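Colleague: I have a structure open and some questions about it. Can you go through it with me?
Modeller: Go ahead, put it up.

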Amino acid sequence: MAYPFQYLRAIDTLGKLADSSMGLDWVCNHCHRMLRLTLDEAIRIWGRNQVLAGWKPPLRCAACDSRNGSMRVQARVPGR
């Protein structure tokens, strides 16, 4: 008997996130500005094996200089 979840895999790294057609957005928690850093750029900087859980990348908001940001996983939308 096949279980419906037996083929699911954990998406725990930047590389697996990219392979799953997902994306990342970073948002400043202070001024709510979207930070301009794509998943592809994050992979170039930190590598495909960067683990997502508990990861706090050293980013700084260009508008308010805050280092308090959030990472949001999202589905990639064609043309975006």
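Colleague: How many aromatic pairs are there?
Modeller: The count is two aromatic pairs. Keep in mind that this is a predicted model. One pair is tryptophan 26 with tryptophan 55, edge-to-face, at 6.4 Å centre to centre and with 80° between the planes.

Colleague: Where do tryptophan 26 and tryptophan 55 lie?
Modeller: Tryptophan 26 is in strand E1, while tryptophan 55 is in the loop between H2 and E3, so the pair ties together parts that are 29 residues apart in sequence.

Colleague: And are tryptophan 26 and tryptophan 55 buried or exposed?
Modeller: Both tryptophan 26 and tryptophan 55 are buried. The other pair is tryptophan 46 with tryptophan 55, also edge-to-face, at 5.1 Å centre to centre and 80° between the planes. Through these ring pairs Trp26, Trp46 and Trp55 are linked into a cluster.

Colleague: Why does tryptophan 55 count as buried, and tryptophan 46 as partly exposed?
Modeller: The cut-off for buried is under 20% relative accessible area. Tryptophan 55 has 14% relative accessibility, so tryptophan 55 counts as buried. Tryptophan 46 has a relative accessible area of 23%, so tryptophan 46 is partly exposed.

Colleague: Next topic, the core. Which residues of the largest nonpolar core touch the most other members?
Modeller: That core has 15 residues, and Leu14, Leu24, Trp26, Leu35 and Leu39 touch the most other members. At least two core residues come from each of helix H1 (14-19), strand E1 (22-28) and helix H2 (39-46).

Colleague: What does leucine 24 touch?
Modeller: If residues up to four places away in sequence are not counted, leucine 24 touches Leu14, Leu17, Leu37, Leu39, Met71, Arg72, Val73 and Gln74.

Colleague: I also clicked on isoleucine 43. Which element is isoleucine 43 in, and what is isoleucine 43 in contact with?
Modeller: Isoleucine 43 is in helix H2, and isoleucine 43 counts as buried because its relative accessibility is 15%. Leaving aside neighbours within four places in sequence, isoleucine 43 has contacts with Leu14, Gly15, Ala18 and Arg48. From isoleucine 43 to glycine 15 the C-alpha to C-alpha distance is 7.2 Å, and the two are 28 residues apart in sequence.

Colleague: Now the sheet. In what order do the strands come?
Modeller: Three strands form an open sheet in the order E2-E1-E3, and the pairing is antiparallel. Strand E2 (34-35) and strand E3 (69-75) are at the edges with a single partner strand each, so one side of each has no neighbour in the sheet.

Colleague: How many bridges are there between E1 and E2?
Modeller: E1 and E2 pair over two bridges. In one of these, valine 27 has methionine 34 in E2 as its bridge partner.

Colleague: I see cysteines too. How many disulfides are there?
Modeller: Zero, from a search of the whole structure.

Colleague: Why is cysteine 28 not bonded to cysteine 64?
Modeller: The sulfur of cysteine 28 is 3.6 Å from that of cysteine 64, its closest cysteine sulfur. A disulfide needs the two sulfur atoms within 2.5 Å, so that distance is too far for a bond. Cysteine 61 is in no disulfide either, with the nearest cysteine sulfur, in cysteine 31, 3.7 Å away.

Colleague: Are cysteine 28 and cysteine 61 buried or exposed?
Modeller: Cysteine 28 is buried at 2% relative accessibility, and cysteine 61 is buried with a relative accessible area of 2%.

Colleague: Last one. What pLDDT does the protein chain average?
Modeller: The average is 84, and 84% of the residues score at least 70. Among the elements, H2 has the highest mean pLDDT, 93, and E3 the lowest, 86.

Notes
Residues are numbered from 1 along each chain as its sequence is written. This is a predicted model: local features need pLDDT of at least 70, side-chain atom pairs count only at pLDDT 80 or more; totals for chains, interfaces and linings use all residues. Side-chain values use heavy atoms; hydrogens and water are left out. A nonpolar core is a set of buried Ala, Val, Leu, Ile, Met, Phe, Trp, Tyr and Cys residues joined through side-chain atoms within 4.5 Å. Buried means under 20% relative accessible area, exposed over 50%, partly exposed in between (1.4 Å probe, protein chains only). Helices (H or I, at least four residues) and strands (E, at least two) are DSSP runs, numbered from the N terminus. Contact means heavy atoms within 4.5 Å. Two strands pair if DSSP finds at least two bridges between them. pLDDT is the predictor's confidence in each residue, from 0 to 100. Rings of Phe, Tyr and Trp (its six-membered ring) pair if their centres lie within 6.5 Å; planes under 30 degrees apart count as stacked, over 60 as edge-to-face and the rest as tilted.
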